[in-house]
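Work through the exercises below with the structure open. Try each task before you read its solution.

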Amino acid sequence: MVAARLEFYYLVCTNGAKGSDDESMSPERLIKLRRDEQREAAQLLGVKDVAFLDYEDGELTPDRRFLGDVVRHIRTVRPDAVFTHDPEAIIVRDSFVNHADHRVTGLTAVDAVYPAARDRLNFPEHVAAGFQPHKTAEIYIWGTEKANFDVDITDVIEKKVEALRAHRSQFSEDFIQMVLERWRNEEGRYVESFRRVQMAF
């Protein structure tokens, strides 16, 4: 999509302060590492901008404050599509637990698209500050077992792996190889699957 000259923006909701088993790692150092790694990965992929909300890692809740922050970001960027985590799945493929922060992020992103960012009377303080309501046309949910939309990523797989490797404090080479196996289909092509929701306003 970036190669097709579409603009992408990242919104990182938590500070990443707890995701390490390195006994020498402090939360403060990890927060900085995760920010730097995210920016490096985004630059490699051609992402236009990365914003950070800095909610505490592992403690995200689907409350009004968090919803308002996501709605304000949507009203600022005014995206055609929002990509997010699966808000429904807890156990994925009987081998993976969908992180609680990811579920909350997915749920809040969906709620922000509809109806909160659309409705003028939701968060009227945004409108007063110049952030007008916005209708997002599509939602793409990754990590889902209800996929209905496939994207052939073979031509950009090396770039995607390079971006994954930028997250040095988080992703091991074994993890990257596992992701590659998951993306590879029977024909040897790499395919990423999403649940695509086309909004009918």
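## Exercise 1: Arg-182

Arg-182 counts as partly exposed, at 44% relative accessibility. This is a predicted model. Task: place Arg-182 in its helix and find how far its C-alpha lies from that of Ser-193.

Solution.
- Step 1. Find the helix. Arg-182 belongs to α6, residues 173-183.
- Step 2. Go along the chain. Ser-193 is 11 residues apart from Arg-182.
- Step 3. Read the separation. Their C-alpha atoms are 10 Å apart.

## Exercise 2: how α5 meets α6

Task: describe how helices α5 and α6 pack, and name the residues that meet.

Solution.
- Step 1. Take the geometry. The axes of α5 (residues 157-166) and α6 are 10 Å apart, at an angle of about 150°.
- Step 2. Classify the angle. Angles over 145 degrees count as roughly antiparallel, so α5 is roughly antiparallel to α6.
- Step 3. Add the hand. This crossing of α5 and α6 is right-handed.
- Step 4. List the contacts. From α5 come Ile-157, Lys-160, Val-161, Leu-164 and Arg-165. Their partners in α6 are Glu-173, Ile-176, Gln-177, Val-179, Leu-180 and Trp-183.
- Step 5. Check burial. The buried residues of α5 are Ile-157, Val-161, Ala-163, Leu-164 and Ala-166. They pack against α1 (27-45) as well as α6.
- Step 6. Recall helix geometry. An α-helix has 3.6 residues a turn, so residues three or four places apart point the same way.

## Exercise 3: α3 and its neighbours

Task: say which elements the buried residues of α3 pack against, then describe the crossing with α2.

Solution.
- Step 1. Collect the buried residues of α3 (residues 100-116). Among them are Asp-101, Val-104, Thr-108, Ala-112 and Ala-116.
- Step 2. Find what they pack against. The elements are β1 (9-14), α2 (64-77), β3 and β6 (138-142).
- Step 3. Turn to α2. Its axis comes within 9 Å of that of α3, and the two cross at roughly 60°. That makes α2 oblique to α3.
- Step 4. Add the hand. The crossing of α2 and α3 is right-handed.
- Step 5. Name some contacts. The α2 side includes Phe-66, Leu-67 and Val-70. The α3 side includes Val-104, Thr-105 and Thr-108.
- Step 6. Look for a cis bond. The peptide bond from Tyr-114 to Pro-115 is cis, with omega near 5°. Pro-115 is part of α3.

## Exercise 4: aromatic rings

Task: find how Phe-83 and Phe-194 pair, and which parts of the chain the pair ties together.

Solution.
- Step 1. Start with the count. There are 7 aromatic pairs.
- Step 2. Take the pair Phe-83 and Phe-194. Their ring centres are 5.7 Å apart, and the planes are at 85°. Planes over 60 degrees apart count as edge-to-face, and this pair is edge-to-face.
- Step 3. Locate the residues. Phe-83 is in strand β3 (residues 81-85), and Phe-194 is in strand β8 (residues 191-198). The pair therefore ties together parts 111 residues apart in sequence.
- Step 4. Compare burial. Phe-83 is partly exposed at 24%. Phe-194 is buried at 8%.
- Step 5. Widen the view. Ring pairs join Phe-8, Phe-83, Tyr-140, Phe-149 and Phe-194 into a cluster.
- Step 6. Look for charges over rings. The charged end of Arg-35 sits over the ring of Phe-52, 4.3 Å from its centre. That of Arg-64 sits over the ring of Phe-123, 4.0 Å from its centre.

## Exercise 5: four residues to place

Task: decide whether Asp-86, Thr-14, Asp-54 and Asp-94 are buried, partly exposed or exposed.

Solution.
- Step 1. Asp-86 lies in the loop between β3 and β4 (91-92). Its relative accessible area is 6%, so Asp-86 is buried. Its contacts include Asn-98, His-102 and Trp-142.
- Step 2. Thr-14 is in strand β1. At 18%, Thr-14 is buried. It touches residues including Asp-54, Tyr-55 and Asp-101.
- Step 3. Asp-54 lies in strand β2 (residues 49-55). At 36%, Asp-54 is partly exposed. Its phi is positive, near 65°.
- Step 4. Asp-94 is in the loop between β4 and β5 (96-97). At 76%, Asp-94 is exposed. Its phi is also positive, about 55°, although Asp-94 is not a glycine.

Terms used: Residues numbered from 1 in each chain as written. Predicted model: local features only at pLDDT ≥ 70, side-chain atom pairs only at ≥ 80, totals over all residues. Heavy atoms only, no water. Helix = DSSP H or I, 4+ residues; strand = E, 2+ residues; numbered from the N terminus. Buried < 20%, exposed > 50% of the residue type's maximum accessible area, 1.4 Å probe, protein only. Phe/Tyr/Trp six-rings, centres within 6.5 Å; stacked < 30°, edge-to-face > 60°. Lys NZ or Arg CZ within 6 Å of the ring centre and 35° of its normal. Axes fitted to C-alpha atoms, helices over the stretch in contact; angles between N-to-C directions. Parallel < 35°, antiparallel > 145°, perpendicular 65-115°, else oblique. Left-handed = near helix turned anticlockwise from the far one by under 90°. Contact = heavy atoms within 4.5 Å.
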